[in-house]
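Student: Got a minute to look at a model with me? I'd like to talk through how its parts meet.
Tutor: Sure, put it up.
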Amino acid sequence: MESIHLNVRSHRKRPHSSTTEPKTVQWLLIGAAMAYLTLFLMIPLGTVFYQALEKGVGVYLAAITDPDALSAIRLTLLTAMIAVPANLVFGIAASWAIAKFDFKGKNLLITLIDLPFSVSPVISGLIFVLLFGLQGWFGPWLQEHDLEVIFAVPGIVLATVFVTFPFVARELIPLMQEQGSEEEEAAIVLGASGWKTFFWVTLPNMKWGLLYGVILCNARAMGEFGAVSVVSGHIRGSTNTMPLHVEILYNEYNFAAAFAMASLLAMLALVTLVLKKIIEWKTARDLSLLDDAETAVEENG
Amino acid sequence: MSIEVRNVTKQFGEFTALRDVSLTVPAGELVALLGPSGSGKTTLLRIIAGLETADSGAILFHGEDTTDQKLRDRKVGFVFQHYALFRHMTVFENVAFGLRVRPRRDRPGKQEIRDRVMKLLNLVQLQSLAHRYPSELSGGQRQRVALARALAVEPRVLLLDEPFGALDAKVRKELRRWLRRLHDEIHITSVFVTHDQEEALEVADRVAVMNEGRVEQEGTPEEVYHSPRTPFILNFLGNVNLFHGRMENGRAYIGNSSLELPAAAFQDNQTATVFIRPHLLDIHHQPTESGNFPAHVAHINAAGPLVRVELVSEWGDPVEVEISQDRYRFLALKENDKVFVTPKEMKVFVEDYVI
C-alpha cells in the first residue's frame with residue numbers, strides 16, 4: 001500500500017516526458033520570466049532601498065522621524081485601523097448573506113462589492129468631493145454644523161474604506177459558498193444559538209480566508225494614493241498619508257527622504273507578501289492533510 | 001416519542017416537493033423513507049427536523065404540535081448525509097458540542113460532559129479516536145461520530161439523511177446491521193431516508209415508499225414487498241418483468257398466450273399490466289396447463305447463487321428469469337433454445353378505463 005502511495009506521489013511531481021517541453025524551451029521560458037521580473041520588479045524595489053540609504057543611515061532615520069513624516073505615518077495607521085475593521089465586519093456580513101441565503105438583489109450586491117475594483121481610485125475620491133465638498137450635496141449642511149470631511153481626516157478614512165471594501169468580502173464569498181451551510185445547520189440542530197454557531201463554527205472555518213483578506217485590505221488601505229490624494233488636500237502634518245508624503249518630498253527633490261518613506265511602504269509590501277505566502281502554505285497544508293486522509297481511507301477501505 | 005406528519009405540503013418555487021403527506025411513526029420504531037431522488041423524502045425529513053418549514057400542515061411529536069417550536073427546542077438528533085462534522089474540532093469536541101453550547105444553567109459540568117461523551121464514543125466504538133480530527137477518519141468512522149454527536153443531546157427523535165449513502169458497498173452493509181443493533185439497544189424513535197430498497201427492507205421496522213411528493217404505501221417491509229399497492233412500488237422494490245395485455249374470461253392475454261390469474265375479479269376487455277418478478281417465473285421445455293408463453297433463450301448468466309436467464313418472448317419483449325442452479329442443470333438450457341415460460345405468481349394492475 002505504502003509503495004503504491006509513494007509511486008503516485010513521485011509520479012505527480014515528475015510528469016511523463018511526453019507531456020513536457022524540451023529542456024532548452026524550459027530554460028528559455030524560465031529565463032524570460034526571470035529577466036522580466038528583474039527588470040520590472042527587482043531593480044525598482046532595490047532602487048527604493050538603495051536611494052533611501054544612499055546618503056547614510058543618519059539621513060534615513062532623520063527622514064522618517066521628521067515630525068511631518070511621523071504625522072503621515074500616524075495618519076496612515078489610523079486610517080488602516082478604522083478601514084480594516086470596518087471592512088472586516090462588512091466583508092463577513094456581506095459574504096454571510098451572499099453565501100448562506102437567497103434573496104432578491106443578491107446579484108446586484110455581488111456586483112456592487114466589485115465596484116471599487118472597477119472604478120478608478122481618482123473617481124472614487126471625486127465622488128466623495130462631490131458628496132461632501134463645499135459645492136457638494138451635503139457640503140452646506142456640513143459647513144453649517146462645522147463638520148469637516150473633505151480635506152480632513154474623515155474624508156481620507158471614507159475614501160480608504162470605499163477603495164478597500166471588496167478585499168475581505170471577495171476572499172470570503174467563494175470560501176463560504178464552497179463550505180455550504182451544513183455545519184451551521186448541524187450546530188443549530190444541536191441547540192447552539194445564532195451567535196454561538198457563528199463564533200464556534202462559522203468563524204473558525206473561515207479564519208484563513210479572513211486573515212488573507214485582512215492582510216490584502218490592510219496593504220491597500222496603507223498604500224492607497226489616488227482616492228486619498230483627491231480628498232486629502234495635502235496639508236503637511238495634518239492630512240498627509242505616507243504615499244502622499246512620498247509624493248510631496250519627491251516633488252521637492254528631497255529624494256533621500258522620499259525614498260526613505262517609500263522604503264517603509266515597500267517593507268510593508270514585503271511583509272504582506274510573506275504573510276500571504278505563509279497563509280497559502282497553511283491552507284494548502286490543511287487541504288493536503290485532508291487529501292492524505294482521504295487517500296489513506298480509500299486505500300485501507 | 002411518536003411522530004405524526006399531518007397533511008404536509010411543501011413547494012420550492014414551481015416544484016412541488018410534498019403533496020399533502022401524512023405519516024405516523026410509532027414510538028420507538030425505526031422507519032425508512034424510501035424513494036427515488038426527487039421524491040420528496042429528504043424534504044420531509046428536514047421538515048420533521050425543523051430545518052425547513054412546511055407551507056401547510058403540521059408535525060406533531062407525541063401529540064404535541066411543533067410548528068411554532070424553535071428548532072433547538074425540538075430536541076431532534078439529525079445525521080447529515082455528508083456528516084457535517086465540525087472540521088476544526090476533534091472527535092471528542094464534535095460529540096461534546098451539543099452539551100457545551102447549552103445555556104449555563106442547563107450545561108452539565110466538565111467531568112459529566114467528559115463521561116457522557118466517552119460513553120457515547122464507546123457505544124459507537126470510537127473511544128480510541130477521540131483526539132483525531134474528522135479529516136483523519138474513514139467514511140464509516142465519520143458516520144459513527146455524526147451519530148454519536150446527534151445522540152449526545154439526548155434527542156427525542158433521531159433523523160438520518162441517507163446515512164450510508166456516501167460509503168462503499170461493504171462498509172454500508174456492516175454499518176446498517178450495526179445501526180439496527182444500536183436501535184434495538186437504545187430504542188429511540190428514528191426515521192431514515194434512503195433510495196436503496198435493500199437497505200430499507202433490511203433495516204427498518206416500517207417502510208414508507210415515496211414517489212413524486214406522496215407516500216404511496218406505508219407498512220412493514222414484508223407488506224410493501226409482497227403486497228405492493230401500486231405499479232411504482234412493485235417496480236421500485238426489485239427487478240420485475242412487465243407485460244401489457246388485456247383481460248378476457250378471467251385470463252390475461254399477452255400476445256396470443258393466455259395466463260391464469262390469481263383472482264379473476266377483473267372485467268373483460270380491460271387493459272392490464274402484468275408484473276412478474278424474475279424468481280417467480282419458471283422455464284419448461286413443454287407447454288404446461290396453467291398458462292405459459294413461448295420464448296427463446298438469449299443469454300445465460302450462471303455465475304452466482306441463482307442462474308439468470310434472459311429470454312425473448314414470442315412477441316419480442318425481453319424477459320428475465322431466475323432459476324436455481326439445480327433447475328438449470330436439470331433443464332440443460334442452451335442459448336437459442338425454444339422454451340415455455342410459466343409464471344408461479346404475478347401482480348396485475350388494471351387501467352382505469354375500458355377500451
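Tutor: Before we count anything, contact here means heavy atoms within 4.5 Å. Also keep in mind that this is a predicted model.
Student: OK, so how many residues of chain B are in contact with chain A?
Tutor: On the chain B side there are 30 residues, and they meet 21 residues of chain A.
Student: And how much area do the two bury between them?
Tutor: About 2300 Å², with 64% of it on carbon and sulfur atoms.
Student: How many salt bridges go across?
Tutor: The rule finds two between chain B and chain A. In a salt bridge, the side chains of B:R46 and A:E185 come together at 2.6 Å, N to O.
Student: What about polar contacts, how many residue pairs there?
Tutor: Five across the interface of chain B and chain A, with both residues at pLDDT 80 or more.
Student: Which element of chain B gives the most to the side touching chain A?
Tutor: That's α4(B), with four residues. β6 (76–79), α2 (91–100) and α4 (139–152) of chain B each supply at least two.
Student: How do the residues on that side of chain B divide?
Tutor: Into 14 nonpolar, seven polar and nine charged.
Student: Switching topic: A:K106, buried or exposed?
Tutor: A:K106 counts as buried because its relative accessible area is 17%, and the cut-off is under 20%.
Student: Where does A:K106 lie, and what does it touch?
Tutor: A:K106 lies in helix α5 of chain A, residues 106–118. Leaving out residues up to four places away in sequence, A:K106 touches A:I98 and A:F101.

Terms used
Residues numbered from 1 in each chain as written. Chains lettered and ligands numbered in written order. Predicted model: local features only at pLDDT ≥ 70, side-chain atom pairs only at ≥ 80, totals over all residues. Heavy atoms only, no water. Buried < 20%, exposed > 50% of the residue type's maximum accessible area, 1.4 Å probe, protein only. Buried area = accessible area lost by both parts, 1.4 Å probe. Salt bridge = Lys/Arg side-chain N within 4 Å of Asp/Glu carboxyl O. Polar contact = N/O pair within 3.5 Å; in protein donor to acceptor, adjacent residues only side chain to side chain. Nonpolar A, V, L, I, M, F, W, Y, C, P; charged D, E, K, R; others polar.
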